[in-house]
Amino acid sequence: MIKYALICDADHEFESWFPDSASYDKQAKRGLVTCPFCDSVKVSKAIMSPNVARKDKDRLAVAASDETPAQPAAPAQNIALLDEQQQQLRGMIRELHEKIVASTDDVGENFPEEARKMHDGETPARSIRGKASFEEARELLEDGIPVLPIPDLPEERN
Ligand SMILES: [Zn+2]
């Protein structure tokens, strides 16, 4: 089965399933593919890029159904790939975030103070997390205290 995004000559867009691309071509040639909105039989495949769509229409008009379809999926694939990468990245950020959260004590607003105390040997060293302003974080780094920003989770609600 193959799903086509179709468009009629009145610009109604709809989707329809066909056993394969050849049977779509056959049905379209016989006028069996109709628009569900206006019953128009002047239906063609709707494809992202207008250039490709026009090419496809020409091909249908000239007939010959056994042609291998052009590659209308190419632009869409690029988008899909980006999404996948973003999802992977998001997963990595989430994992990192969870690891940091799991292995540190939350000291909240006291973070700069606690970090400094540990650095000065006043309290035993441990891993802590908390809140610091950009300025405070910069000061800690300048004093040789290795602090690290925890990545934000975009979907997380506080
Ligand atoms: Zn229509």
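Aspartate 39 has its place in the loop between α1 and β3, where helices (H or I, at least four residues) and strands (E, at least two) are DSSP runs numbered from the N terminus. Although aspartate 39 is not a glycine, its phi is positive, about 60 degrees. With 8 C-beta neighbours inside 10 Å, aspartate 39 counts as exposed; a residue is exposed if 12 or fewer other C-beta atoms lie within 10 Å of its own, buried if 20 or more do, and partly exposed in between, with C-beta atoms placed from the backbone. This is a predicted model, in which local features need pLDDT of at least 70 and side-chain atom pairs count only at pLDDT 80 or more, while totals for chains, interfaces and linings use all residues. Residues are numbered from 1 along each chain as its sequence is written.

A comparable description applies to aspartate 11, which lies in the loop between β1 and β2 and has a positive phi near 70 degrees, again in a residue other than glycine. Aspartate 11 counts as exposed, with 10 C-beta neighbours inside 10 Å. Most residues other than glycine have a negative phi.

The loops just described connect elements of a chain whose secondary structure comes to five helices and five strands, running β-β-α-β-α-α-β-α-β-α from the N terminus on. Three of the strands form an open sheet in the order β2-β1-β3, with antiparallel pairing, two strands being paired if DSSP finds at least two bridges between them. Because β2 (13-18) and β3 (43-45) stand at the edges, each with a single partner strand, one side of each is left without a neighbour in the sheet. The twist averages 40 degrees from one strand to the next, taken between axes that are lines fitted to C-alpha atoms, for helices over the stretch in contact, with angles running from 0 to 180 degrees between N-to-C directions. Strand β1 (residues 2-8) pairs with β2 over six bridges in the antiparallel sense, and tyrosine 4 stands opposite serine 16 in β2.

Helix α1 (residues 21-29) has Tyr24, Asp25 and Ala28 as its buried residues. They cover an arc of only 100 degrees around the axis, which puts them on the same side of α1; the arc is that of the directions from the helix axis to the C-beta atoms. Just after α1, glycine 31 takes a positive phi of about 75 degrees.

The largest nonpolar core consists of eight residues, namely Leu6, Ile7, Cys8, Tyr24, Ala28, Val33, Cys35 and Val43, such a core being a set of buried Ala, Val, Leu, Ile, Met, Phe, Trp, Tyr and Cys residues joined through C-beta atoms within 7 Å. The elements that give two or more residues to this core are β1 and α1, and β1 supplies the largest share, three residues. Leaving aside residues up to four places away in sequence, valine 33 touches Leu6, Ser16, Gln27, Ala28, Val41 and Val43, contact meaning that the C-beta atoms of two residues, placed from the backbone, lie within 7 Å.

Further along the chain, strand β4 (residues 105-108) and strand β5 (residues 128-130) pair in the parallel sense over three bridges, and glycine 108 has glycine 130 in β5 as its bridge partner. The chain crosses from β4 through helix α4 (residues 111-119) to β5 in a right-handed β-α-β crossover, right-handed if, with the strands pointing away from the viewer, the path from the first strand over the helix to the second runs clockwise. Of the nine residues of helix α5 (residues 134-142), the number buried is zero, so α5 lies largely in the open.
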